[in-house]
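Hi,

Here's the structure I said I'd pass along. Have a look at it first, and then read on for what turned up.

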2 protein chains.
Amino acid sequence: MATSPSRGRPPGLTGPALLAEARAVFLEHGYTSTTMDEVAARARISKSSLYREHRSKSALYAAVVSDWAASGRDAMRPALDRLSDDSDVERGLTQLAEAMLRAMLSPVVVEMRRLVVNEAKSQPQVAGAYLKESWDRNIAGLAEALEGMHHRGRLSIDDARAAAEDFTWLVVGGPLNSALLGVQPNPAPDRPSRSVALFLARYGVH
Amino acid sequence: MATSPSRGRPPGLTGPALLAEARAVFLEHGYTSTTMDEVAARARISKSSLYREHRSKSALYAAVVSDWAASGRDAMRPALDRLSDDSDVERGLTQLAEAMLRAMLSPVVVEMRRLVVNEAKSQPQVAGAYLKESWDRNIAGLAEALEGMHHRGRLSIDDARAAAEDFTWLVVGGPLNSALLGVQPNPAPDRPSRSVALFLARYGVH
DNA sequence: CCTACCGATCGGTAGG
DNA sequence: CCTACCGATCGGTAGG
């Protein structure tokens, strides 16, 4: 008859599941308009329990961002591996560009950026950690892939880090700006290949 | 004996001066943490007067952003004219890049972007108007300048709008991202000239 | 006795 | 123009 292996109170959310629920609340309302009452209610725990696990609202926010950044740390790894393996440099770069756009324009990623950017002034260490984990790490991964392609004679790269930044901003700069401001970017399906053409004009092997 | 030409109550701020003061308050605290009491106090007017001029907090915010976007509408005009007049294309583009960085990384511009981006979800029409006035307009101005240089045989541009976006994001993408996240971008004084070199590899006359 | 957790409420402040 | 005040809700903590 028992549908649960243990009797008594059904447990609410703790640990990573609590952080995921808190993240959803922060993304819905923003930092200031998020209430600890709503986080506790949606996690089905008391506020006392919430405060025992996270000593303050700002500490909960820092934990949410840190958990999020860690989970997305190597999000581009599969796409970078495909780039390194592709014998057609232009095709590989175009597919990477498309993958980057899909990843960075997804609603949850855009909203997380809004949240972190807005709180950068009051909680700079959180924004700094986010930048380091979610951004510098992916730039570094791309730089590594580009350098490998250079050594195999497929690209002509003098400064891999700078080239990785160039590629990233050519691809995502405009669409990300529009998305952050809440505007649906026009489809423009040729955008990735345009960006790749510009990149290869400077870094391609001629 | 009168130190003022008119007697009676010293006037508080109204109109554009009120919007400038309100803007400062919004930039200090963010939208949610800004109180109408503080705006009224700093403008030396009563809350009643404030609500008579702006019917709600969100209406005041919309007026602040609209006023700001209009005032910065043609901020890049002098720099664009210098670009068109410069006989040395590489030097002209590099100086434009430096001017764009100075303009977009100034603290007040960065903080205004943070504010508008954060409220894009709840007040999308404000963010949309900001994007149109502050961004599309400057991109269009740059596109026009690039097209003129193309017609004078100094550049080889197929799509002026796309080229203007490419240039903009190559130059400001990384530094703006760091600034929004509250990180001091490393000086990198060669960044503008690097971006120009990449741009000219594709759009220069060879 | 302990722990995990509850219902209730604190002092202050928000937009209007 | 201003004071006083509203219904509500905030982050955080009390006793048991």
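Below is what I found, going from the pair of chains down to single residues. One caveat up front: this is a predicted model.

**How the two chains relate**

Chain B superposes on chain A with an RMSD of 0.1 Å, after a rotation of 180° and 0.0 Å of shift along the axis. The two copies are thus related as by a two-fold rotation axis. The same surface serves both copies, in that 98% of the contact residues of chain B recur in chain A.

T32(A) gives you a way to look at where the chains meet. T32(A) sits in the loop between α1 (15-29) and α2 of chain A, and counts as partly exposed because its relative accessibility is 37%. Leaving aside residues up to four places away in sequence, T32(A) touches K57(A) in its own chain, plus T32(B) and S33(B). K57(A) is 25 residues from T32(A) along the chain, and their C-alpha atoms are separated by 9.6 Å.

**The core**

The largest nonpolar core has 136 residues. Which residues have the most contacts inside it? They are L146 and F167, in chain A and in chain B. To see what that looks like around L146(B), pull up the residues it touches beyond four places in sequence: L93(B), L155(B), I157(B), A160(B), A163(B), A164(B) and F199(B).

**Helix α9 of chain A**

This helix covers residues 160-180. Is α9(A) enclosed or open? Of its 21 residues, 20 are buried, so α9(A) is largely enclosed by the rest of the structure. There's a bend of about 50° at V172(A), with a proline, P175(A), following within four residues. The end-to-end span still works out: at 1.5 Å a residue α9(A) should span 30 Å, and its end C-alpha atoms are 28 Å apart, which agrees.

Both ends are worth a click too. At the start of α9(A), a side-chain oxygen of D159(A) comes to within 3.3 Å of the backbone nitrogen of R161(A). Just after α9(A), G182(A) has a positive phi of about 80°.

**Helix α7 of chain B**

α7(B) is mostly covered, with nine of its 12 residues buried. Among them are V109(B), V110(B), M112(B) and L115(B), as well as R113(B), R114(B) and N118(B). The 12 residues should span 16 Å at 1.5 Å a residue, and the end C-alpha atoms of α7(B) are 17 Å apart, which agrees.

Following on from there, Q123(B) lies in the loop between α7 (107-118) and α8 (124-151) of chain B. Q123(B) is buried, because its relative accessible area is 9% and the cut-off is under 20%. Beyond four places in sequence, Q123(B) touches Y31(B), S58(B) and Y61(B).

**A backbone angle to check**

Most residues other than glycine have a negative phi. R44(A) is a residue other than glycine with a positive phi, near 55°, and R44(B) likewise has a positive phi near 55°. Where do they sit? R44(A) is in the loop between α2 (36-42) and α3 (47-53) of chain A, and R44(B) is in the loop between α2 (36-42) and α3 (47-53) of chain B. R44(A) counts as exposed because its relative accessibility is 55%, and R44(B) counts as exposed at 55% as well.

Cheers

Methods:
Residues numbered from 1 in each chain as written. Chains lettered and ligands numbered in written order. Predicted model: local features only at pLDDT ≥ 70, side-chain atom pairs only at ≥ 80, totals over all residues. Heavy atoms only, no water. Core = buried A, V, L, I, M, F, W, Y, C linked by side-chain atoms within 4.5 Å. Buried < 20%, exposed > 50% of the residue type's maximum accessible area, 1.4 Å probe, protein only. Contact = heavy atoms within 4.5 Å. Helix = DSSP H or I, 4+ residues; strand = E, 2+ residues; numbered from the N terminus. Expected span 1.5 Å × (residues − 1). Bend = angle between axes of the 7 residues up to and from the residue. Polar contact = N/O pair within 3.5 Å; in protein donor to acceptor, adjacent residues only side chain to side chain. Least-squares fit on C-alpha atoms with pLDDT ≥ 70 in both.
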